[in-house]
Amino acid sequence: MELCRLLDFKDLGDERGKLVVIEGNQDIPFEIKRVFYIYGSDSQVVRGQHANKESEFVLINVAGKSKVRVTDGVGEHIVELNRPMQGIYIPKMIWKDMYDFSEDSVLLVITNTHYDGKEYIRDYDEYLKVMGVKK
Ligand code: TYD
């Protein structure tokens, strides 16, 4: 199972500064329905802690840095996001934790769905059960 994929976005910057463009179905592998961003989380906070039945995500630290841990209950990857030109793609049904936020972290999240709390699995034991993973 694919846990995540790193995406390197094109730099359209010039002597005036940097420019990064993310187009749905071109620079990321889905159509964009929703964008949100997380900031003001301190280094002790762990966010995420859920899997999504429908949502796929691209996460980009457009400022500062954070870490993302992804797992399918068996394999695990930890990625540090610290570049506005790099994102991580996370498919549906992957469990994710975001943590180690720097003070200046602005974590941009792009997804293929409108918000629906019912498509979240927030209980890790339930997630393992759905994934057919024995503890
Ligand atoms: P939550 O899913 O806990 O955030 P994270 O996964 O980033 O740690 O969301 C926090 C609150 O915001 C929760 O009450 C649900 C709400 N929310 C929305 O209403 N719409 C959204 O698109 C998101 C991501 C969250």
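**The ligand shell and the sheet beside it**

By class, the shell around the ligand is made up of 4 nonpolar, 2 polar and 3 charged residues, where Ala, Val, Leu, Ile, Met, Phe, Trp, Tyr, Cys and Pro count as nonpolar, Asp, Glu, Lys and Arg as charged, and the others, Gly among them, as polar. The model is a predicted one, in which local features need pLDDT of at least 70 and side-chain atom pairs count only at pLDDT 80 or more, while totals for chains, interfaces and linings use all residues. Residues are numbered from 1 along each chain as its sequence is written, and side-chain values use heavy atoms, with hydrogens and water left out.

The residues around the ligand (a heavy atom within 4 Å of it) are Arg34, Phe36, Ile38, Arg47, Gly48, His50, Tyr115, Tyr120 and Arg122. Polar side-chain atoms of the arginines lie at short range from ligand oxygen atoms, as polar contacts (pairs of N or O atoms within 3.5 Å): the distance is 2.4 Å for Arg34, 3.1 Å for Arg47 and 2.8 Å for Arg122. The protein covers 59% of the 530 Å² of accessible area that the ligand has on its own, by the Shrake-Rupley method with a 1.4 Å probe. Two or more residues of the shell come from each of E2 and strand E3 (47-52), strands being DSSP runs of at least two residues, numbered from the N terminus.

Phe36, a member of this shell, sits in strand E2 (residues 34-39). Its relative accessible area of 27% makes Phe36 partly exposed, a class that lies between buried (under 20%) and exposed (over 50%), with a 1.4 Å probe and protein chains only. Leaving aside residues up to four places away in sequence, Phe36 touches Phe57, Leu107, Leu108, Val109 and Thr111, contact meaning heavy atoms within 4.5 Å.

Strand E3 leads from the ligand shell into an open sheet of 5 strands, whose order is E6-E5-E8-E3-E10 with antiparallel pairing; two strands pair if DSSP finds at least two bridges between them. Strand E6 (76-81) and strand E10 (120-121) are the edge strands, each pairing on one side only.

Within this sheet, E8 (residues 95-99) pairs with strand E5 (residues 66-71) over 5 antiparallel bridges, and Lys67 stands opposite Tyr99. E3 and E8 also run antiparallel, joined by 3 bridges, and His50 has Lys96 in E8 as its bridge partner. In E8, 5 of 5 residues are buried: Trp95, Asp97 and Tyr99 lie on one side, and Lys96 and Met98 on the other.

Terms used
Helices (H or I, at least four residues) and strands (E, at least two) are DSSP runs, numbered from the N terminus. A polar contact is a pair of N or O atoms within 3.5 Å; within protein, one must be able to donate a hydrogen and the other to accept it, and residues adjacent in sequence count only if both atoms are side-chain atoms.
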